[in-house]
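Here is a quick tour of one structure, told the way you might go through it at the bench. Keep the viewer open and follow along.

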Amino acid sequence: MKRLALLVLLLAAAPTARAATPGPGVVANVAQGKSLYAANCARCHGPRGEGIHDRGPSLRDAGALEADFYLRTGYMPLDDPHSQPWRTRVLFGEQELRSLIAYVASLGHGAPIPTPQWRGASVASGLKLFRDHCAGCHQIVAQGGIVIGARVPPLNKSTPRQVAEAVRSGPYLMPRFSTKAITPTQLNDIVAYVQSTKHPDDRGGWGLGHLGPWPEGMVTWLLAASILVATCAVIGRRLKA
Amino acid sequence: MSRFKDALISGIVLLLGRSGRRPVARRERPRIVTAGAPERAAENAVLVLLALVAVCAAAFVVFYALDRLGHQTQWLGLALGLAFALLALACVAIAKRLVVTEELSEPYPQLQHLEDQAEIEQIVEESGSRFTRRGLVKLVGAGALGTLGVAALTPAVSLGPVFDTSQLARSPWRRGLRLVDEAGKPLAAKDVEKESFYTAYPEHADRELMGSPVVVVRIDEGIVAYSKICTHAGCAIALYRKPTFADTEPRPALVCPCHYSTFDPAQDGKVLFGPAGRPLPQLPLLVDGDGNLRAAGNFNRAPGPSWGGVRQTEAHT
Amino acid sequence: MIRGLVRFVDQRSGAAPFVKKALRYVFPDHWSFLLGEVALYCFILLVATGVYLTLFFDDSRSQVVYQGSYAPLRGDSMSRAYESVVHLSLDVKAGLLMRQTHHWAANVFIAAIVLHVLRVFFTGAFRKPRDLTYLIGLSMLFIALLEGYLGYSLADDLLSGMGLAIGNSVAISLPVIGQYVGALIWGGQFPGSAAFWPRMYIAHVLIIPLAIVALLTVHLVLVAARHHTQFRESPKTTER
C-alpha cells in the first residue's frame with residue numbers, strides 16, 4: 001500500500017509523463033522508461049535521445065506517436081542499424097511499453113498517439129485515397145511489395161492505430177503525410193479501407209493471395225495443366241498388346 | 001382414368017419392347033465393328049453417372065433461381081462443373097468399357113499424287129498456250145496485282161497518324177499553366193511538404209494524356225516536378241522513398257512499380273537503378289502571385305517511354 | 001431413328017462416305033495425342049462463354065460514376081467498360097461464373113497449346129508432310145496470346161491500363177519502324193485515339209476469333225488428311 005502511494009506520488013510529480021490511454025491498472029512510469037531506454041535504445045539513439053551518427057536518428061521530436069509505432073510493431077529495438085526494421089515479436093510487456101513510450105515522448109515535442117475514428121468512415125473514399133497515395137508501394141489490397149532499398153510490408157497485421165501512426169510519421173523509407181496532405185477524415189477513410197482489406201470480399205472464391213496474373217499462372221500450369229494431362233493419360237492409356 | 005392407364009402401359013411396353021427387336025435384314029452383312037460381350041457393371045455405372053449428371057444440372061438451375069445464396073458463384077460452378085465432369089466420366093466409362101476397343105491398322109494415305117500433279121501442270125500449261133509472251137505477261141501481271149494489293153492496304157494508313165510521329169512527344173504543359181490536384185484544386189507551394197509526394201495535372205487539360213500527370217516533391221534544393229510516366233515502358237510512377245535517417249538509408253527517389261526504375265529528383269531525374277534508358281523529364285516550376293505552383297515551360301525532355309529519335313525530339317504542346 | 005437421320009443427311013449432302021470414314025478413323029493409342037483436343041475444347045469454351053460476355057459488356061470508354069452494389073467503388077469515376085464488367089461480375093447471376101470460366105479457359109488454352117506443341121516437337125511430328133500443319137499451329141499460339149492480351153485489356157482495370165501502356169512502349173521501341181507502328185495502332189500518342197478501344201474490341205470479339213477458326217479448320221483438315229503420326233512399339237520416335 002505504501003509502495004503504491006509512492007508510485008502515484010512519483011507520477012504526479014513527473015510533469016511530462018504522457019501515457020496514451022492508461023488501461024485499468026497499467027500506469028506508465030517515466031523513470032522505468034528511462035532505465036529501459038538506457039538498456040535498449042541508448043546504444044544507437046544516444047543517452048538523451050540526441051541520435052548518434054551512422055547509428056540512430058534523434059528522437060527529440062519522435063513523440064508518443066512514433067515511439068508507440070516503432071515499439072508496438074517490434075521495429076525497435078533494431079539489432080543492426082543498417083538493416084530495415086521489420087515487424088517482430090514484441091518482447092516488452094504492456095507496462096514496460098507504456099513507460100518507454102512515455103519517456104521517449106518526454107524527450108521533446110513530438111505528436112501524441114492518434115486515435116483514428118475509422119468505424120463508419122467511407123471505405124469507398126479510402127480506396128481512392130489508398131490507390132492514389134499508398135497502393136504504389138503497398139499494393140492495391142495492401143499485400144505489400146518492394147521499393148528499391150526496402151521491402152514494403154503487407155498491412156494485414158497493422159492495427160488501425162499503427163496505420164494512422166505510419167501515415168503521419170513515414171517509417172523507414174515510407175513518405176510521411178501531414179494533416180495538410182491527408183486530413184483526419186481522409187485518414188479515417190484510409191484506415192477503414194485497410195481494415196476492409198483484411199477481410200476481402202472474394203466473390204470469385206479462392207483469392208490466390210490477391211496478387212494477380214502470376215499466381216494464376218501457377219495454378220494454370222501446376223494445377224489445371226497437371227490435372228488435364230493426367231486425365232489424358234488415364235483416358236488414353238495404351239492398349240495392352 | 002383407365003384409358004389413360006392403358007395408354008401409359010402401352011407406351012411403356014412399346015418403348016421397352018423396342019430394345020429386344022433386331023431387324024432381320026441387317027444380319028446378312030458381315031460385322032464391321034468387332035463384337036464384344038455385354039458388361040452390366042459398366043452399364044450400371046454409366047446409368048448412375050448419367051443420373052447424377054441430371055441431378056447436378058438440376059441443382060444448377062435450382063441454385064440459379066435462389067436469390068440469397070451465400071457463395072452463389074461457387075455453388076453454381078460446383079453444380080455445373082460436376083455435371084460436366086460426371087458426363088465426361090460417363091463418356092470415359094462408355095469408351096473404355098462399353099464401346100469395343102479395337103486395334104486396327106491402316107496404311108497412311110499417299111504422300112503425293114504424281115499423276116494428278118502432272119496433269120494439273122499440264123492443264124495450266126495448255127490453258128495458257130495461247131499466250132505468246134509468257135514472261136512479259138507474268139511481269140506485268142505481278143506488277144498489276146502488287147500495286148493493287150498496295151492500293152487495297154493503303155486505307156489502313158487512316159487508322160492513325162502514321163507519319164506524324166512528333167505526336168509522341170506531345171505534352172499539354174506550357175508556361176503559366178497551373179498545377180492542380182486530383183480534385184482540381186490548385187497546388188500551393190507551401191502545401192508541398194518535404195518527405196511527401198503529390199500528383200498534379202495541368203489545369204483544364206485532358207488528364208489522360210501521356211504528358212499530363214506530374215509528381216511533385218520537395219527536396220533540400222526546393223520543389224521539383226517530374227513527369228509521372230516512366231521513361232522505360234510507360235507505367236505511372238507511384239512510389240516515393242525518403243530516408244528517415246539519411247546516415248543509413250538511401251536517398252530520396254521516385255520509383256516505378258512495374259520494373260522498378262529509380263529516378264533521383266535531386267539530379268534532374270537521373271536513373272539510379274532499373275531498365276529505364278533515359279532520365280525522367282522535368283517540368284520547370286514557378287510560384288505565382290497567389291503562392292500557387294505553375295509550369296514555367298514544357299518538360300525538358302519528351303515524356304513517356306522511349307522510341308527511336310526520342311532524345312532528339314523536344315516536348316511540345 | 002439412326003437410319004432416318006443418316007438417310008436425311010446423306011440425301012441432302014452426299015456425306016455418307018465421309019461420315020463412314022470419320023466414324024472408323026484410326027487414332028493413335030497414346031495419351032499425348034489428346035493434348036491438342038484439350039486446346040480445342042478450351043477454345044470452344046472460350047467462344048461459348050465469350051458470346052455470353054459480349055451480351056453484357058459495353059466497350060465504351062466514356063466516364064461514369066459508379067453507383068452499383070459494390071460499396072468500396074461507389075462514387076468512383078470509371079469507364080462504362082469497367083462498370084459493365086463489375087456489374088456482370090457482381091450483379092448478374094452466374095455472371096461471375098461465366099467470366100471466370102472465360103478467364104481460366106484462356107489461361108488453360110495457352111498452356112494446352114504449349115504442351116501440345118511440345119509433344120509435337122519432341123516426337124518429331126512436325127516434319128514434312130506435317131510442317132504446314134505445325135506452322136499453322138504455331139501461328140495459332142501467337143494469335144491466341146494476342147487475343148488473351150486484348151481480352152484482359154478490354155476490362156479497363158488497373159492491369160489493363162498498365163498492360164496497354166507497356167504494349168504501346170514495346171511497339172514504339174521497335175527499331176526504325178517503332179514510332180510508326182505505335183502511332184498506327186494507337187492512333188497517335190498513348191492512350192490513343194477514341195477509335196482505339198472499339199478497334200480492340202472488334203479485334204478480340206470478331207477478327208481474331210475468325211482467324212483462329214479459319215486456321216483451326218485448316219489445321220484439323222490437314223491433320224485428318226495426312227492422318228496422325230504414331231509411336232512405334234517403343235514410344236521414342238514417330239513413324240511417317
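## A sheet, some holes and an interface

In chain B, strand 3 (residues 214–219) and strand 4 (residues 222–227) run antiparallel and are joined over six bridges. Keep in mind that this is a predicted model. If you want a landmark in that pair, look for B:Val216, which sits opposite B:Ala225 in strand 4 of chain B.

Now zoom out to the sheet. It is an open one of five strands in chain B, ordered 1-2-3-4-9, with antiparallel pairing. Its edges are strand 1 (179–180) and strand 9 (282–283) of chain B, each of which pairs on one side only. As background, strands of a sheet pair through backbone hydrogen bonds, either parallel or antiparallel.

Next, the holes. How many cavities of 30 Å³ or more does a search of the whole structure find? The search turns up three. Here are two of them side by side:

| Cavity | Volume | Lining by class | Top contributor to the lining |
|---|---|---|---|
| Largest | about 500 Å³ | 28 nonpolar, six polar, three charged residues | helix 8 of chain A, four residues |
| Second largest | about 50 Å³ | nine nonpolar, no polar, no charged residues | helix 5 of chain C, four residues |

The largest cavity is lined by 37 residues, and the closest to its centre are A:His138, A:Val152, A:Pro153, A:Pro171 and A:Met174. Its lining draws at least two residues from each of several elements of chain A, including helix 6 (123–133), helix 7 (135–138) and helix 9 (184–197). Chain B joins in too, through strand 5 (239–241).

The second largest cavity brings chains A and C together. On the chain A side you'll find A:Ala225, A:Leu228 and A:Val229 in the lining, while chain C provides C:Leu35, C:Val38, C:Val108, C:Ala111, C:Ala112 and C:Leu115. Helix 10 (213–235) of chain A, helix 3 (35–54) of chain C and helix 5 (95–122) of chain C each supply at least two of the lining residues.

Last stop: where chain B meets chain C. The contact involves 47 residues of chain B and 36 residues of chain C. Together the two chains bury about 3400 Å², with 61% of that on carbon and sulfur atoms. On the chain B side, B:Tyr108, B:Leu159 and B:Leu168 lose the most area to chain C, together 18% of what that side buries.

Charge plays a part in this interface as well: three salt bridges are found across it. For a pair to click on, try C:Lys93 and B:Asp67, whose side chains meet in a salt bridge at 3.1 Å, N to O.

Conventions: Residues numbered from 1 in each chain as written. Chains lettered and ligands numbered in written order. Predicted model: local features only at pLDDT ≥ 70, side-chain atom pairs only at ≥ 80, totals over all residues. Heavy atoms only, no water. Pairing = 2+ DSSP bridges. 1 Å grid on protein atoms, 1.4 Å probe; cavity = no way out; pocket = protein on both sides within 12 Å on 5 of 7 lines; lining within 4 Å. Points joined across faces, edges and corners; volume = space filled by probe spheres on them. Nonpolar A, V, L, I, M, F, W, Y, C, P; charged D, E, K, R; others polar. Contact = heavy atoms within 4.5 Å. Buried area = accessible area lost by both parts, 1.4 Å probe. Salt bridge = Lys/Arg side-chain N within 4 Å of Asp/Glu carboxyl O.
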